[in-house]
Amino acid sequence: MKIAIIGVGSVGSAVATAVKNTGLAHEIVLFDRDGVRARAAAEDLGHASAFSYDVKITAVSTYRAIRGSEIVIVAAGANQKSGETRMDLLHKNTAVIEDIIPRVMENVDAKNVKIIIVTNPLDVMVMLAQKLSRLPTNRVIGTGTMLDSARFKIILSRQLDVSARSINSYILGEHGDSSVVNWSAVTIGGIALDDFCKQAKISLPQTTRNTIEHRVRNAAYEIIQGRGATWDGIGAAVADLLHAIVNDEKRILTVSTVDGVGKSAVAMSMPRVVGNKGVTMNLRTKMNTQETNALRKSARIIRKNFDLI
Ligand code: NAD
């Protein structure tokens, strides 16, 4: 499979490494408006491939060269600087997506291609990319809260002293400050959270839950403060999404796609079934009133920002 990655900065490079390590691509093409950067990344990554899978990795200088790509990953655009929110990138990255998507669409097979959006503000960029590409909504997929859900799982696993792989838990809504922690649907080994805590004699009071929520929502800010940007987590998330698509795993992932029609359409993360046709089912989880209201608020924030562009 040929996969194109547009934007080869910190995130695009980490995504390229993670994609290479899946062994799912026979060819990876890298495009960046900074051609020198793309060529250097392709060279470095090409050397690394001698230690893993045979994969042809090239930097390309025209969109024509992405022809034949079945999956296009968009990781281009401005990233958050310390103190900036993802929504602060709205106008800068609108211009980036407006530049990229029409040129991608001129060179891919619209009947089959899947576009994965990584650029922030994620959900608004998914809506914009879907609008510009005119692809069916289920084939323009944002990584959404995959990373936030992973962060939640890891923090919870430390708190509960149980493997993160035995935890089923979701962050819903915006990949951003209004994301919603779906406490009501958390299960550990199929057991509801409160029941698990009772059996394990663990206390998880509201103050601890608030701290966990804060840590999940602020994880990116803390990483950006410490190392300037985040890249490893999102690289792994894209690789996981790629596995689900290429191997037609029909996994349930909190990805962001456009849901609804007309003025009420919005892209945000909900658990969705993902396979080689893209998203094939949108699911609703168990939510209490507070979570439902928070999710509605999150949807309104995303829609309002989309209407601004
Ligand atoms: P970066 O500055 O390191 O790299 C961005 C790259 O995009 C640069 O190489 C730049 O030349 C390229 N670029 C900009 N405009 C372009 C265009 N029109 N065409 C082609 N290339 C273009 O930034 P980064 O840290 O790699 O972050 C990239 C994006 O990923 C940001 O929007 C960031 O917020 C986002 N991000 C998303 C997640 C997530 O979970 N979805 C996680 C981390 C970062």
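**Exercise 1. In which helix is the place of Asp-148? Work out its surroundings.**

Solution.
- Step 1: Note that this is a predicted model.
- Step 2: Locate the residue. Asp-148 sits in helix H5, which covers residues 146-160.
- Step 3: Look for a charged partner. Asp-148 is buried but has no salt bridge. The nearest side chain of opposite charge belongs to Arg-86, 4.8 Å away. A salt bridge needs the nitrogen within 4 Å of the carboxyl oxygen.
- Step 4: Look for a polar partner instead. The side chains of Asp-148 and His-175 are joined by a polar contact of 2.9 Å.
- Step 5: List the contacts, leaving aside neighbours within four places in sequence. Asp-148 then touches Ile-171, His-175 and Val-216.

**Exercise 2. Trace the salt-bridge network that links Asp-240, Glu-249 and Arg-251.**

Solution.
- Step 1: Start with the total. The model has 13 salt bridges.
- Step 2: Take the first pair. Asp-240 and Arg-251 meet through their side chains in a salt bridge, N to O, at 2.8 Å.
- Step 3: Place this pair. Asp-240 belongs to helix H8 (residues 232-246) and Arg-251 to strand S12 (residues 251-259), so the bridge ties together parts that are 11 residues apart in sequence.
- Step 4: Add the other pair. Glu-249 also forms a salt bridge with Arg-251, with the closest N and O atoms 2.8 Å apart.
- Step 5: Check exposure. Asp-240 is partly exposed at 28% relative accessible area. Arg-251 is partly exposed, with 28%. Glu-249 is partly exposed, with 32%.
- Result: Asp-240, Glu-249 and Arg-251 form a linked network of salt bridges.

**Exercise 3. Describe the salt bridge between Glu-84 and Lys-92. Is each residue buried or partly exposed?**

Solution.
- Step 1: Read the distance. The side chains of Glu-84 and Lys-92 meet at 3.9 Å, N to O.
- Step 2: Apply the cut-off. Buried means under 20% relative accessible area.
- Step 3: Classify each residue. Glu-84 has 18% and is buried. Lys-92 has 48% and counts as partly exposed.

**Exercise 4. Lay out the open sheet that contains strands S7, S10 and S11.**

Solution.
- Step 1: Give the order. The 3 strands run S7-S10-S11, with antiparallel pairing.
- Step 2: Find the edges. Strand S7 (167-168) and strand S11 (191-192) are the edge strands, each pairing on one side only.
- Step 3: Examine one pairing. Strand S10 (residues 187-188) pairs with S11 over 2 bridges, in the antiparallel sense.
- Step 4: Name a bridge. Thr-187 has Ala-192 in S11 as its bridge partner.

**Exercise 5. Which residues touch the most other members of the largest nonpolar core?**

Solution.
- Step 1: Recall the background. Nonpolar side chains tend to be buried together in soluble globular proteins.
- Step 2: Pick out the hubs. The largest nonpolar core has 44 residues, and Ile-66, Val-104 and Ile-117 touch the most other members.
- Step 3: See what builds this core. Elements that each supply at least two residues include strand S1 (2-6), strand S4 (71-74), helix H3 (90-105) and helix H9 (289-308).
- Step 4: Look beyond this core. Another core of 35 residues lies apart from it, with Leu-45, Val-55, Ala-75 and Val-255 among its residues.
- Step 5: Return to one hub. Leaving aside neighbours within four places in sequence, Val-104 is in contact with Ile-6, Tyr-63, Ile-66, Val-72 and Ile-115.

Terms used
Residues are numbered from 1 along each chain as its sequence is written. This is a predicted model: local features need pLDDT of at least 70, side-chain atom pairs count only at pLDDT 80 or more; totals for chains, interfaces and linings use all residues. Side-chain values use heavy atoms; hydrogens and water are left out. Two strands pair if DSSP finds at least two bridges between them. Helices (H or I, at least four residues) and strands (E, at least two) are DSSP runs, numbered from the N terminus. Buried means under 20% relative accessible area, exposed over 50%, partly exposed in between (1.4 Å probe, protein chains only). Lys and Arg count as positive and Asp and Glu as negative; His and the chain ends are not counted. A polar contact is a pair of N or O atoms within 3.5 Å; within protein, one must be able to donate a hydrogen and the other to accept it, and residues adjacent in sequence count only if both atoms are side-chain atoms. Contact means heavy atoms within 4.5 Å. A nonpolar core is a set of buried Ala, Val, Leu, Ile, Met, Phe, Trp, Tyr and Cys residues joined through side-chain atoms within 4.5 Å.
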